[in-house]
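The following exercises concern a two-part reading of one model: how its parts meet, and how its helices are built and packed. Please attempt each task before consulting the solution.

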Amino acid sequence: MTTSVPILPAHQLAGFRDSYGAAVRRRRLHLFVGMLIFGCVLLVSAIGAEVNLRTFYTYFGNFISYFDRIFTLDDGHRVWTNLPEWFWGLKKWSKLLGETLLISYVGTTVGMVVGFCLNFLAAENTSPAPWVRFAVRRLLEFARTVPGIVFALIFVIAFGLGPVPGVLAIAVHSSGALGKLFSEIVENADMKPVEGIRSTGASWLSCMRFAVLPQVIAGFSSYTLLRFEINVREASVMGFVGAGGIGQELVVAIRKFYYSDVSAILVMIVLTVFLLDIGTGWLRGRLFGAGARA
Amino acid sequence: MRGIETPDPQQLKQRYPQIFARPMSARLATSAVLVLALAIFVFGLVDLEFSPSRMLSGLNQLGWIARLMLPPDPGSSLPVYLKALGETLSIAMLGTTLAACMAMPVSLLAARNVIPSAIFRFPVRRLFDTIRGVDTLIWALVWINVVGLGPFAGVLAIAASDFGALGKLFSEAIETADQKQVEGVRASGGNMLHEIRFGLLPQVLPVIAGQVLYFIESNTRSATIIGIVGAGGIGLQLAEQIRVLEWQKVSFLILMILVAVAAIDWISGKLRFAIIGRRAIA
């Protein structure tokens with residue numbers, strides 16, 4: 001017995017083939033035009049950003065040799081051959097790194113509290129009035145969009161040098177970012193418990209406390225932990241503008257070409273970020289179960 | 001037939017003791033964590049030299065600065081600022097594209113379904129993590145040492161730091177791709193490259209394009225600040241005007257940044273929608 005694959009007659013097939021060809025051609029044309037526009041934008045940006053491939057080519061060796069230099073001690077040996085010499089400032093740097101962590105911690109905590117207080121006003125389903133929502137949302141947007149280090153620059157002038165402006169800058173930026181994320185979680189919360197609580201005659205505050213909060217608290221903590229991680233990275237550069245932390249030492253080391261110090265401080269920062277990554281990941285797993293990594 | 005019987009709370013308590021009396025350890029743990037968090041917070045406030053008088057005078061100063069900022073006024077330097085803004089956008093655009101081009105091939109090496117062996121995957125992952133752990137501003141300082149001051153250093157800084165972030169995201173996107181299509185290509189006799197080109201790429205490209213667009217957006221923000229260390233763009237102007245206390249110009253520059261970021265947000269939102277379509281936006 002033979003099986004036959006049914007094939008349409010040629011004149012019917014031709015129609016399908018034509019329309020398929022046309023569809024493919026249209027797609028290709030779209031792709032081509034898109035690529036062309038993208039290429040033009042890139043070209044314009046390359047001119048705008050003063051890209052100079054010759055400089056890049058000439059000095060790229062510097063980039064490689066830069067890493068060679070930062071891993072070499074003053075006496076010409078590799079850094080890892082003489083650890084005490086490499087980490088000669090371990091005590092001072094650890095203290096500054098601790099300060100960086102504290103800046104990030106305090107900043108994140110303040111940001112979390114502010115974001116927590118504001119997010120119920122910004123979320124669509126819990127906001128008491130539309131104008132409140134609009135105002136709070138714009139405020140959060142502003143706090144989020146202006147980079148933290150710009151706030152730091154301004155706060156350094158208002159509050160003086162030191163970790164205080166760094167903390168405040170991180171707090172403002174985090175409250176903007178967390179407020180938005182929090183309000184999105186709240187918007188996804190189930191509203192039935194709220195109706196239940198309200199039907200017992202509870203106030204707005206009680207509705208938030210007993211109906212919304214239990215649903216969203218896990219997401220809130222998870223985002224706050226994530227924010228803390230990000231803020232440690234940010235706090236490590238706050239010192240560039242005089243707002244405390246290890247950044248101060250780092251910028252001095254880079255600018256004055258203390259090569260081995262640069263690598264030592266960088267290694268310490270990267271290690272800290274690693275450990276925090278693992279630590280907060282573990283904490284999230286413990287708190288919310290392995291599946292709940294937001 | 002009897003009506004519904006109201007359960008006796010006493011009886012319920014006896015039957016389900018674990019609901020009514022949470023174990024002491026659980027109750028203690030929550031409060032202990034809260035107390036600890038508060039203690040660190042207070043320690044931080046003391047150690048970082050917060051004091052009420054300092055806060056008060058600082059806030060006072062801040063209010064004064066805010067008053068001086070109004071109304072925003074660029075003075076006569078509007079063309080310079082516009083050029084700087086263009087530079088910033090260019091830096092974000094080029095830096096992200098460069099990072100994506102570099103991260104794409106390397107991220108394949110970090111994906112479990114392409115490279116099954118952990119020995120090869122592990123170092124690539126750690127490389128991404130290390131690069132990501134170093135802030136963009138630090139990269140900018142390093143590149144300034146290499147190619148000199150100016151926006152080109154900024155482009156390279158953004159490219160370097162995003163290489164780590166994009167590499168991680170890309171490899172995650174590749175790992176979540178459906179293996180059936182890859183197996184289909186393999187079954188029809190395709191080699192490794194065919195599998196990647198026809199089995200993986202069509203699945204991950206829309207996701208990746210969305211992520212790249214999102215990064216262009218967020219890099220517009222990063223690019224505004226790398227000027228602070230001398231790597232070109234509007235940050236240079238901003239830092240200078242803050243240092244010389246020209247507050248009206250500062251507020252104008254901040255306003256420009258806000259508008260530019262909002263515009264890029266809007267455009268990339270539209271583009272992302274067009275590329276990914278009505279499916280969930282990753």
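The exercises below treat a predicted model.

**Exercise 1.** Determine how many residues of chain A are in contact with chain B, and which helix of chain A gives the most to that side.

*Solution.* Counting residue pairs with C-beta atoms within 7 Å, one finds 47 residues of chain A in contact with 47 residues of chain B. Next, assign the chain A residues to helices: α1, α2, α4, α6, α7, α9, α10 and α11 each supply at least two. The most comes from α6(A), with seven residues. Finally, sort this side of chain A by class: 36 residues are nonpolar, nine polar and two charged.

**Exercise 2.** Compare the expected span of helix α5 of chain B with the distance between its end C-alpha atoms, and locate its kink.

*Solution.* The helix covers residues 78–109, which is 32 residues. At 1.5 Å a residue, the expected span is 46 Å. The end C-alpha atoms lie 47 Å apart, which agrees. The kink, of about 35°, is at Ala103(B), shortly before Pro105(B).

**Exercise 3.** Describe how α8(B) and α10(B) cross, and state which residues make the contact.

*Solution.* Take α8 (residues 151–175) and α10 (residues 192–226) of chain B: their axes come within 10 Å and cross at roughly 150°. The crossing is right-handed. Contributors from α8(B) include Gly154(B), Asp162(B), Leu166(B) and Phe170(B); those from α10(B) include Val204(B), Gln211(B), Phe215(B) and Asn219(B). By class, the residues of this contact divide into 14 nonpolar, four polar and one charged.

Note on methods:
Residues are numbered from 1 along each chain as its sequence is written. Chains are lettered from A and ligands numbered from 1 in the order in which they are written. This is a predicted model: local features need pLDDT of at least 70, side-chain atom pairs count only at pLDDT 80 or more; totals for chains, interfaces and linings use all residues. Two residues are in contact if their C-beta atoms, placed from the backbone, lie within 7 Å. Helices (H or I, at least four residues) and strands (E, at least two) are DSSP runs, numbered from the N terminus. Ala, Val, Leu, Ile, Met, Phe, Trp, Tyr, Cys and Pro count as nonpolar, Asp, Glu, Lys and Arg as charged, and the others, Gly among them, as polar. The expected span of a helix is 1.5 Å times one less than its number of residues. The bend at a residue is the angle between axes fitted to the seven residues ending there and the seven starting there. Axes are lines fitted to C-alpha atoms, for helices over the stretch in contact, and angles run from 0 to 180 degrees between N-to-C directions. A crossing is left-handed if the near helix is turned anticlockwise from the far one by less than a right angle, and right-handed if clockwise.
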